[in-house]
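Here's a quick tour of one fold, working from the sheet and its helices down to a couple of individual residues. Have the viewer open while you read.

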Amino acid sequence: MHRRAALLIVDVQLDFCPGGALAVAEGDAVVPVLNRYISLFWKRGTPIFASRDWHPAQSVHFRDNGGRWPVHCVQEAPGAEFHPKLLLPEGTIVISKGLTRWDEGYSALQGVTENGTPFPMLLRHMGLDRLYVGGLATDYCVKESVLEGLKEGFDVTLLADAVRAVDLTPGDGARAVEQMRAAGASVVTLESIAEVFAIEAGGPGPGPLLRS
Ligand code: VGL
């Protein structure tokens, strides 16, 4: 069966990058890799979605309100902006999540578009049933997005070289990848994706021509 893909870039926002309020070690290292994926997918005409944490100043997600995290990605604040070097093409659809005080907003599948359309509804409306997912952070928003995508019946592939983990406990990131794999996610890298595309296209598989 021919599946139609979407690229989902999760939360590549300044607060999750070095210097940010909830900095992920090497969080900004995903940017050049994601730019390569963006270019690959864009050339294939794949729709591109970028999710963002978009919290109110008061949120149960934050320590101040009994939650787990320092204040981060507050709506309209500089820390909530996408990393300026992330080359989101025109037509990228922004998915906002964590919008209300009571909403933790881990999974992008819980997010909505600018006009409030739930993300899974939009994907189905657009006939998209395969998600390629990278971004921040492996052990929270990426993991929850991948697991919920699978639960919702999407075919999900993790872009393993385009994610970084919070790793509150060392190894959280690696365990998250295993959990996603065990739940049914495929795992690829820039190195292996050409082969995946060839197989998806029903082509002859990888060969010298593909690599030239
Ligand atoms: C995230 C921790 C808290 C994430 C968001 O984007 O992965 N992690 N809020």
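Start with helix α5, residues 190-200, which lies across β4, β5 and β6 and runs at about 170° to β4. Keep in mind that this is a predicted model.

The sheet under that helix is an open one with 6 strands, in the order β3-β2-β1-β4-β5-β6, and the pairing is parallel. At its edges stand β3 (93-97) and β6 (186-188); each has a single partner strand, so one side of each is left without a neighbour in the sheet. On average, neighbouring strands are turned by 25° against each other, ignoring direction. Helix α1 packs on this sheet too, touching β1, β2, β4 (130-136), β5 and β6, and its direction makes about 145° with that of β5.

What does the β5-β6 pairing look like? Strand β5 (residues 155-164) pairs with β6 in the parallel sense over 3 bridges. Within that pairing, L158 stands opposite V187 in β6.

Now for α3, residues 138-151. Why call this helix largely enclosed by the rest of the structure? Because 12 of its 14 residues are buried. The buried set includes charged-letter names you may want to click on, D139, K143 and E148 among them, alongside others such as Y140, C141, V142 and L147. What do these buried residues pack against? Their partners are β1, β2, β3, β4, β5 and α4 (172-182). Just after α3 comes G153, with a positive phi of about 95°.

Finally, zoom in on two residues that touch each other, A5 and T46. A5 sits in strand β1, which covers residues 5-10, while T46 is in the loop between α1 (30-43) and β2 (48-53). Here they are side by side:

| Residue | Relative accessibility | Contacts beyond four places in sequence |
|---|---|---|
| A5 | 15%, buried | T46, P47, L128, R130 and Y132 |
| T46 | 11%, buried | A5, A6, L7 and F41 |

Why do both count as buried? The cut-off is under 20% relative accessible area, and A5 comes in at 15%, with T46 at 11%. So the strand residue A5 is buried, and the loop residue T46 is buried as well.

One longer-range number for your notes: the C-alpha atoms of A5 and R164 are separated by 23 Å, with the two positions 159 residues apart along the chain.

Definitions and conventions
Residues numbered from 1 in each chain as written. Predicted model: local features only at pLDDT ≥ 70, side-chain atom pairs only at ≥ 80, totals over all residues. Heavy atoms only, no water. Helix = DSSP H or I, 4+ residues; strand = E, 2+ residues; numbered from the N terminus. Buried < 20%, exposed > 50% of the residue type's maximum accessible area, 1.4 Å probe, protein only. Contact = heavy atoms within 4.5 Å. Pairing = 2+ DSSP bridges. Axes fitted to C-alpha atoms, helices over the stretch in contact; angles between N-to-C directions.
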